[in-house]
Amino acid sequence: MPNKSKKAKKVQKKFVLDCTHPAEDKILDPSEFATYLNEKIKVGGKTGNLGTNVSIQKEGFKVNVLSDIPFSKRYLKYLTKKYLKKQNLRDWLRVVASSPTTYELRYFQINQDEDDAED
């Protein structure tokens with residue numbers, strides 16, 4: 001039998017957190033959010049251990065997270081929701097997956113027609 005050597009391919013995952021709507025209204029600062037992610041993302045069970053495996057970049061109103069190691073998109077949603085709660089924005093903003101690699105911060109749709117419905 002031929003000896004096959006299996007090499008793990010380096011797959012770089014790129015996730016985007018789109019903060020356009022709240023940043024345009026000056027409710028949320030994307031650079032503060034990127035700093036928060038930089039401090040809180042755990043690699044190997046330790047915070048502040050990003051090294052060269054995970055990098056965070058801010059482009060305009062978007063925050064990009066690049067990872068060379070297995071990384072969960074769901075973990076980014078968890079940290080985003082935690083940041084919103086810390087900033088007392090959780091009641092007005094929600095985290096929505098707009099594509100397989102993108103999360104978007106959107107406002108809750110508040111129905112102003114509640115009084116008309118009760119008549």
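This passage looks at Asp18 and the sheet around it in a predicted model.

The sheet comes first. Five strands line up in the order β4-β5-β1-β7-β6, and the sheet stays open, with mixed pairing. Strands β4 (54-59) and β6 (93-99) sit at the edges, each pairing on one side only. On average, neighbouring strands here are turned by 20° against each other, with direction ignored. Strands of a sheet pair through backbone hydrogen bonds, either parallel or antiparallel. For β1 and β5 (residues 62-67) the sense is antiparallel, and the pairing runs over six bridges. Within this pair, Phe15 stands opposite Val65 of β5. Helix α3 (residues 73-86) lies across β1, β5, β6 and β7 (102-107). Relative to β6, helix α3 runs at about 155°.

Now for the aspartate. Asp18 belongs to β1, which spans residues 13-18. Leaving aside residues up to four places away in sequence, Asp18 touches Phe61, Lys62, Tyr103, Glu104 and Leu105. So what does a buried Asp18 have for a charge partner, given that it has no salt bridge? The nearest side chain of opposite charge is that of Lys62, 4.5 Å away, whereas a salt bridge calls for a nitrogen-to-oxygen distance within 4 Å. Asp18 therefore ends up buried without a salt bridge. There is a polar contact, though: the side chains of Asp18 and Thr20 are joined at 2.3 Å.

Note on methods:
Residues are numbered from 1 along each chain as its sequence is written. This is a predicted model: local features need pLDDT of at least 70, side-chain atom pairs count only at pLDDT 80 or more; totals for chains, interfaces and linings use all residues. Side-chain values use heavy atoms; hydrogens and water are left out. Helices (H or I, at least four residues) and strands (E, at least two) are DSSP runs, numbered from the N terminus. Buried means under 20% relative accessible area, exposed over 50%, partly exposed in between (1.4 Å probe, protein chains only). Lys and Arg count as positive and Asp and Glu as negative; His and the chain ends are not counted. A polar contact is a pair of N or O atoms within 3.5 Å; within protein, one must be able to donate a hydrogen and the other to accept it, and residues adjacent in sequence count only if both atoms are side-chain atoms. Contact means heavy atoms within 4.5 Å. Two strands pair if DSSP finds at least two bridges between them. Axes are lines fitted to C-alpha atoms, for helices over the stretch in contact, and angles run from 0 to 180 degrees between N-to-C directions.
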